[in-house]
Amino acid sequence: MTANPPQTDADRFLRIAQREQRGRLTAYLGAAPGVGKTYRMLQDAARRQADGCDVLVGVAETHGRSETAALLEPFEVLPRIAIDHQGHRLEEFDLDGALARRPDLVLVDELAHSNAPGSRHPKRWQDVSELLEAGIDVATTINIQHIESLNDVVAGFTHVRVRETVPDGILDEAELIVVDLPPDALIERLRAGQVYLPDTAGRALANFFTPNKLSALREMALRFAAHNVDRRLSSQLELSGERADFVSGERLLVAVSPGRGGARVVRQAKRLADLLHAPWTAVVVEGGSARGVHGNQREQLADNLALAASLGASLMTVAAADVGQALVDQAKELRASQIVIGKSRRSRWFEWRHGSIAQDVIRRAKTIAVHVVPLDEADEKPARPFDPYSQRDNVIAFGLVAAAVALLHLVQPWIAFGAIDLLLLLPVIVSSTVLRMRAGIWSAIWAALSYNFFFIPPLYTFTIHSPSDVVTFFVLGLVAIVMGGLAGKVRRQAQTSAGVARLNASLARFAGLMGSLSDRDATARVACREIGMLLDVEAMIVSLEDERIVVRGNDRFDELDMVDAAAARWTLEHGEATGRDTGTLTSADWQFHPLKTALGIMGALGVARSTKERVIRPDDATLLASLVDQTALAHERLVLEAEARQVDGLRERDRLRGALLGSIAHDLRTPLTAVIAATEAIPAEGSYAEEVRIARAESRRLQRFLNDLLEASRIEHGTIEPKWESVDMTDVITSVLRDLRQDTPGARVATQIDADCPFISCDPLLLRHVLINLIDNALKFSPSDAPVDVELLCQDDRAVCRVMDRGPGLPADRDALFERFHRLEGSDRVGGSGLGLWIAKNFTDAVGGTICARNREGGGAIFELALPVPDSAATLDKADHA
């Protein structure tokens, strides 16, 4: 259902008007690049254009595919606008041009695209939102990994985090069209070069485009689309005001009865739900079954509800007098496709007198399938306990009738005889409304007999001579009984509604109290107090701290005995209900329920009752579940608030640390420059030649360390802004070797440079710093007699620089290799800040390159830096979003 359903016809009409004023969004959703989203979008647009629709192509990326480019020929293509950014000319979607042109439909490819700096909006989806607000229809494309809510999930199993995401909200009202392609077919397209260039395709096949990952992405795309369709359907039903007499997808509703056969019905519903892979809900109707059960049936109903909960059903309680109608109404509300209900063997006479709930459900369900589970025998009707209030009500009803008869006998001479029977209905109505239904029926019988005895000749006998008096007597009795029954039914419904209102008010009050507290002990204390009053139980909240069970919220119980502690520990460790009246550790006096949240188990709520009856009554099961959920959310909020405060403190500490490091680095840079100049001026000759060389090397290393600190401060403050230039990497490598004193004969660095390597577009200072860190790192880890190899190669659309050493190699776990302050273990012979590779990774990302590391055959490590050449950089970037 929608988050804000319309409450009145005015609200509904307002939302309909707002929707009509907006454009309609059609999104072509794919599981991965290359499935043909753009191709399908252009095909559908061509059909709409043939039907007379004014179609404008705002952005359509062909990615060099001739068959996609051919589909663009019939369309008017909007010229893109040029944006100059740091010496580069970038082309982006012309939003103002599309608004001025105002076609019926605009095609805007790659919804997750990031616009160039200087555009009106930083993201393309914001451009699309403005088009929709202007009333223009839009068609776009997106991959499942670019949806914000699924970004973490996709990254978890693909190990590739997509930085460009789209908020889910923009797709809420979109018509999703899934463009699907089996994994094997997509892999064949990739191998044939129809998705990426051959070199890029090889890397993609080894990492992202594997059959398992593609199958998982495909399933996510289909599930997301199905959820979107279901949400849109619910929204449309709310806006139209129609009842949901049809269903989409399988959902089950099972009616839980208080009899022994209820467990069989629950198990049958579970098996059916598993076969259909459908969610299911167990429903108890209060007022018809729950509040009318007594004795052993109350215990049996609680067992049936516990069984349904343990099998994965959602529990729901409905207040209604008509059980059959309530079940059908609830099924329509949940849009259930099937209802499961049990039917015991009853005599025809019993069903004629009391009716059959199963037959009522079948007759009223209409389009909803009903599964009737036959039960072998009828449940024994429990003996009702003696109720003194019922006897009192009968006495009061008799007194009301007697008073009315006495009064009518006194005023009989002054009123018409025909009004006596009508006036005798007054005590019947009063008894049925104020007292119980049984008292109202008895008052109807007594009123009819009194009318015969005191007012119909011959008086003071039950004999009736006149046929008209016979008819009057029976009509009075029938009317009195019917009116008494109706008044009693209305009274029961009013009592049920009042009970539901009190329950809702209690839950709202409980939620308000939980939201106003900011201390864990106070939250536990208030929660236990309110739960104790609502459920008439003792309550406590336990948690596991330092392997010890800690009790909160109830000062009467400081600690648990051994059995209760074992039950509490099991709940905290396994997240399952334990203790009395459950299926685990039933010898405990307390019943524990886990406080589960997205952050884990926040603790456990313990409830107990001093008497031997069941701890949680059947009609309180759903109330307890709501209270447990709200208590868990309150504790989760406290944890999140504490973490937020801690994060703020860490952020402030990091800011101060960065400022301190930057200040220290700046203050030390000037004297260090003087020291380096002095050591360079001292001749490396004579008896102190070795000391001079050490001073020079260590001062240069200290200078690089201070530079790392300064660059780390820049990265943390987000002030890296590349200055793009055409760069010859050969010159950069030569400059780096000169700074590292590795350009002289006998140097440890050997170079192999491809003479045909083209110029690249890059920031030379950032690139120089990356290479200094990589080569210096290789020199530190390589033996003094082993060379470090530097290769510069040109591979199709990128320039690749490899730095290879003969050191100890990389550890098995390389995930933290490029993290800040990470240093390899067992490297006491080398120094360093642990910032070099982290800085190299951030600088490489800033200039649009990639950096990776692997072990070298024969020992050592290889660090590979890849940078795009000018004409291919944009193409590679866009192919990632195809």
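Colleague: In what kind of crossing does helix H24 pass helix H25?

Modeller: This is a predicted model, in which local features need pLDDT of at least 70, side-chain atom pairs count only at pLDDT 80 or more, and totals for chains, interfaces and linings use all residues. Residues are numbered from 1 along each chain as its sequence is written, and side-chain values use heavy atoms, leaving out hydrogens and water. A crossing is left-handed if the near helix is turned anticlockwise from the far one by less than a right angle, and right-handed if clockwise. For H24 and H25 (helices are DSSP runs of H or I, at least four residues, and strands runs of E, at least two, numbered from the N terminus), the crossing is right-handed.

Colleague: Which orientation does H24 have to H25?

Modeller: The axes of H24 (residues 729-739) and H25 (residues 764-781), which are lines fitted to C-alpha atoms over the stretch in contact, with angles from 0 to 180 degrees between N-to-C directions, come within 9 Å and cross at roughly 50°. Angles under 35 degrees count as roughly parallel, over 145 as roughly antiparallel, 65 to 115 as roughly perpendicular and the rest as oblique. H24 is therefore placed relative to H25 as oblique.

Colleague: How many nonpolar residues does the contact of H24 with H25 have?

Modeller: Contact means heavy atoms within 4.5 Å; the residues involved include Met729 and Leu737 of H24 and Arg768 and Ile775 of H25. Ala, Val, Leu, Ile, Met, Phe, Trp, Tyr, Cys and Pro count as nonpolar, Asp, Glu, Lys and Arg as charged, and the others, Gly among them, as polar. Beside one polar and two charged residues, the nonpolar number nine.

Colleague: Which strands stand at the edges of the six-stranded open sheet?

Modeller: With parallel pairing (at least two DSSP bridges between two strands), this sheet has the order S3-S2-S6-S7-S1-S8. Two strands have a single partner each, so one side of each is left without a neighbour in the sheet: S3 (76-77) and S8 (175-179).

Colleague: Which residue in S6 stands opposite Val59?

Modeller: Strands S2 (residues 55-59) and S6 (residues 105-108) pair in the parallel sense over four bridges. Opposite Val59 stands Val108.

Colleague: Which residue in S17 is the bridge partner of Thr578?

Modeller: The antiparallel open sheet of five strands has the order S15-S14-S18-S17-S16, and its edge strands are S15 (548-552) and S16 (578-579). S16 is joined to S17 (residues 591-597) by two bridges. The partner of Thr578 is Phe592.
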